[in-house]
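Colleague: I'm new to this one and would like a quick tour. Could you put it up on the screen and let me ask things as we go?

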Amino acid sequence: MKRISFVLVAVLLMLVSADAFGGTFIVKNGKPVGRILAADTKAEQDAAVLLQDFVTKLTGAEARILPLDSKPKAGDVVICGQLDGSGLTEDAFRVESSDGRTVIVSGGGNGSSYAVVSILEKYFGVRYYAADALYYDMKSTLCLPDGLSFSETPTFRYRQTQSYSLAADPLYKVWFRLEEPSDVFAGNLWVHTFNHILPASVYGKEHPEWYSYINGEHRPGRASQWCLTNPEVFEAACEKIDSIFKANPGMNMMSVSQNDGNNTYCQCPECMKVIEREGAVSGLYVEFLNKLAARFPDKEFSTLAYLFTMNPPKHVKPLPNVNIMLCDIDCDREVPLTDNASGQYFMKALDGWSKISDNIFVWDYGINFDNMVAPFPNFHIVQPNMQIFRDHHVTMHFSQIASTLGTDFSEMRSYLAAKLMWDVDADIDSLMTTFLDGYYGPAGKYLYQYEKMLEGALLASGQRLWIYDSPVSHKDGMLNAACRKQYNILFDKAEAAVADQPEYLKRVQMERLPLQYSELEIARAEGCKDPAAISEALDLFEERTAMFGIPTLNERSNTPGDYCRLYRERYLPGERTNKALGAKVEYVVEPTAERYRKVGETGLTDGIYGGSSFVESWVGWEGCDGEFIVDLGKDTEISYIGADFLHQLGQWILLPLSVTCWTSADGAEYTLFGKTPVAEDDSPQVKFEKIGCKSDAPVTARYVKIAIEGTKMCPSWHYGVGQPCWFFIDEVEVY
């Protein structure tokens, strides 16, 4: 990249007399005055085009782009690029105006474009909130004042977030100073890369010993890890990694990291020696990455500290070109990381890593994977957590947030995350009110009250907020009936405030969806006591989600349309009466864990069907079969016996292998009613499957016995390969 010196900048600023203009008049009275002089590097030319485009948008005039060595004149904006001795880091910039000219100096990267964005925001009044919300006022004059001098340096050298606006509008990425993995990581290999580098489908059959040894055997599979002490694995990985770097010239970073899943690391004798010596599984991974870093000293390698590798090793230290991507996936979100047990466990790991590495990447979660269209009031912890990261040598940051269209404050969540990753000490309350007033217009003040009321109710409830949450978990806390009434009053006021402004009204109605969804979920869990009112609310939710094009309700791509259809079939009263309703259940094989045994006292026959989160209504068994007897209370004519099962691969909840049913008149002698095998299902969507046995000729009996043959162990294609899996039931059905 070409560089010029501070001497040249000084010359440029002195070439025009101080009395020519009282500032940098780029456009004056509708006429172009200044030009844009830009270095011939791509980054500086991109910045020049960005400025030129907005000059035209704002004034209708066109500012010409000329080479940097053009004869300067008053009104010019000079985009120099990098300067020797500037002291600026990558993406940082300095802006100075003097003698009718403005000079932009960059620390490299996209610093010049980010300087243009700051000028547009601070001095030309451009407001940009999301893909559909870019605002500016037409002007006849654009002028930057003489004496202007400011600089900005990002808190984190790499800043990644999620927003549907990234795909919808190319301006969004540069405006909010964001990067994407494909910008930095060779071959777009940035996380969970083991199976991309040495796919088990290619090498597993011939080399099973390359993959994790778990529970007595090597288990190659798309979610299996590598045997990191096997020298063949290292050489094969090096060969593939070298080819990827060569195919991506100019890119010097790659993630070499464990596949998704927990406790799936190799437990062969050699790997266990390293783990025991280091006191942490991460020691095995850091040793392997250090060998890679030594083999490729001019490259940088990122690896995960996630789930089983979260805690740092006792002895080995990552080399400077080994980047540690630390994930706080198991932390609750109702308070900052320093203030609850789960956060403090993570803090211990962060403290440990920060003592042995200055090259840390934090993957932070601000998302409810299971119920993305539900309130998730964690805004009060975003800034303190980011400040913690900054203070612990974190230089790269990914904020994984629920930023799909229709999710809880999606646009504001993305806006705030990006602003704080750039400047972690910014005034977040000011940022929030600026966004709410700009994006929702006169309704913004009511949505501010709503969000603050949610935060207060969450903290007062003492309830955890976590990334697999259910609105039902908060039905006695922040989503209790009294709170929901107040929230709805605020939304009514918000809608009334923008009733004659369709753009704002649509946004307010979309932001109301999480509250509407929560009310539907809570009504379901309480047994749908007012079917007519619930049906009306469901119709409105279906209408609005379709009108706004809301794509999904959770991480597993379950659509609002499917949800509404299933709600009517599953939760609203039907014509048939389940003869097991209220029946007594006796467990032959009890549910796993006390929490499920407690739910299981009534949960299989209470008439309440569970939702997509396993945390309410569901009764679960892990790594075993299940069996129980249902006493119907009297002789009953039976044609069908079965149960309702949950399929949710992300939580290691798989369908069983089979369901077998028996009937009995006296509870002592049982007759086989039927057996139903169940096909393996590896689809990622959350599903509810009714599995049972039918009889063409009705049978009369008082007792039914149901035996479930569990899958027991996660198969090779699953995230938990070789580990115990669950099956969950929420209701026994007898017809």
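Modeller: Sure, and keep in mind that this is a predicted model. Let's begin with the largest pocket, which has 46 lining residues.

Colleague: Which residues of that lining lie nearest the centre of the largest pocket?

Modeller: The space in this pocket comes to about 1,300 Å³. Its lining has 46 residues, and those nearest the centre are Asp260, Tyr306, Ile329, Tyr468 and Gly650.

Colleague: And which elements give two or more residues to that lining?

Modeller: By class, the lining of the largest pocket splits into 25 nonpolar, 12 polar and nine charged residues. The elements giving two or more residues to it are helix H7 (194-197), S18, S19 and strand S26 (726-734).

Colleague: What about the second largest pocket: which element gives the largest share of its lining?

Modeller: That pocket holds about 680 Å³ of space. It has 25 lining residues, with Arg570, Leu572, Gly574, Tyr609 and Tyr735 closest to the centre. Helix H21 (560-570), strand S25 (687-709) and S26 each supply at least two residues. The largest share is three residues, and it comes from H21.

Colleague: How many charged residues are in the lining of the second largest pocket?

Modeller: Sorted by class, this lining has 10 nonpolar and five polar residues, and the charged ones number 10.

Colleague: Now the closed spaces. What is the volume of the largest cavity?

Modeller: Searching the whole structure turns up four cavities of 30 Å³ or more. The largest of them has a volume of about 120 Å³.

Colleague: Which element supplies the largest share of the lining of the largest cavity?

Modeller: There are 15 lining residues, and Asp364, Gly366, Asn378, Val382 and Ser399 sit closest to the centre of the largest cavity. At least two residues each come from strand S18 (360-366), helix H13 (379-390), strand S19 (394-401) and helix H14 (410-422). By class the lining is eight nonpolar, four polar and three charged. The largest share, five residues, comes from H13.

Colleague: How many polar residues line the second largest cavity?

Modeller: The second largest cavity has a volume of about 70 Å³. Its lining includes Phe369, Asp370, Tyr468 and Arg556, and Tyr468 is also one of the residues nearest the centre of the largest pocket. By class, the lining of this cavity has three nonpolar and three charged residues, and the polar ones number four.

Colleague: Let's turn to the sheets. In the open sheet with the order S2-S1-S10, which strands are at the edges?

Modeller: This sheet has three strands, paired in the antiparallel sense. Strand S1 (residues 23-28) joins S2 through two bridges, and in one pairing Val27 has Pro32 of S2 as its bridge partner. The edge strands pair on one side only, and they are strand S2 (31-32) and strand S10 (142-145).

Colleague: There's also an open sheet of six strands. Why do S4 and S11 each have one side without a neighbour?

Modeller: The order there is S4-S3-S5-S7-S6-S11, and the pairing is mixed. Strand S4 (65-67) and strand S11 (149-152) stand at the edges, so each is left with a single partner strand.

Colleague: Which residue in S7 stands opposite Val77?

Modeller: Strand S5 (residues 77-82) and strand S7 (residues 101-106) run parallel and are joined by five bridges. Opposite Val77, in S7, is Thr102.

Colleague: Is strand S22 largely enclosed or open?

Modeller: Buried here means under 20% relative accessible area. In strand S22 (residues 626-647), 17 of the 22 residues are buried, so the rest of the structure leaves this strand largely enclosed.

Colleague: How many bridges join S22 to S26?

Modeller: Strand S20 (residues 584-589) runs antiparallel to S22, with five bridges, and Glu586 stands opposite Ile629. S22 also pairs with S25 over 17 bridges in the antiparallel sense, with Ile638 opposite Val699. S22 and S26 run antiparallel too, with Gly642 facing Glu733, and the bridges between these two number six.

Colleague: Last one: is Tyr172 buried or exposed?

Modeller: Tyr172 lies in helix H5 (residues 170-175). Among the residues it touches are Tyr128, Tyr129, Leu178 and Tyr415. Its relative accessible area is 0%, so Tyr172 is buried.

Note on methods:
Residues numbered from 1 in each chain as written. Predicted model: local features only at pLDDT ≥ 70, side-chain atom pairs only at ≥ 80, totals over all residues. Heavy atoms only, no water. Pairing = 2+ DSSP bridges. Helix = DSSP H or I, 4+ residues; strand = E, 2+ residues; numbered from the N terminus. 1 Å grid on protein atoms, 1.4 Å probe; cavity = no way out; pocket = protein on both sides within 12 Å on 5 of 7 lines; lining within 4 Å. Points joined across faces, edges and corners; volume = space filled by probe spheres on them. Nonpolar A, V, L, I, M, F, W, Y, C, P; charged D, E, K, R; others polar. Buried < 20%, exposed > 50% of the residue type's maximum accessible area, 1.4 Å probe, protein only. Contact = heavy atoms within 4.5 Å. Lists of a residue's contacts leave out its neighbours within four places in sequence.
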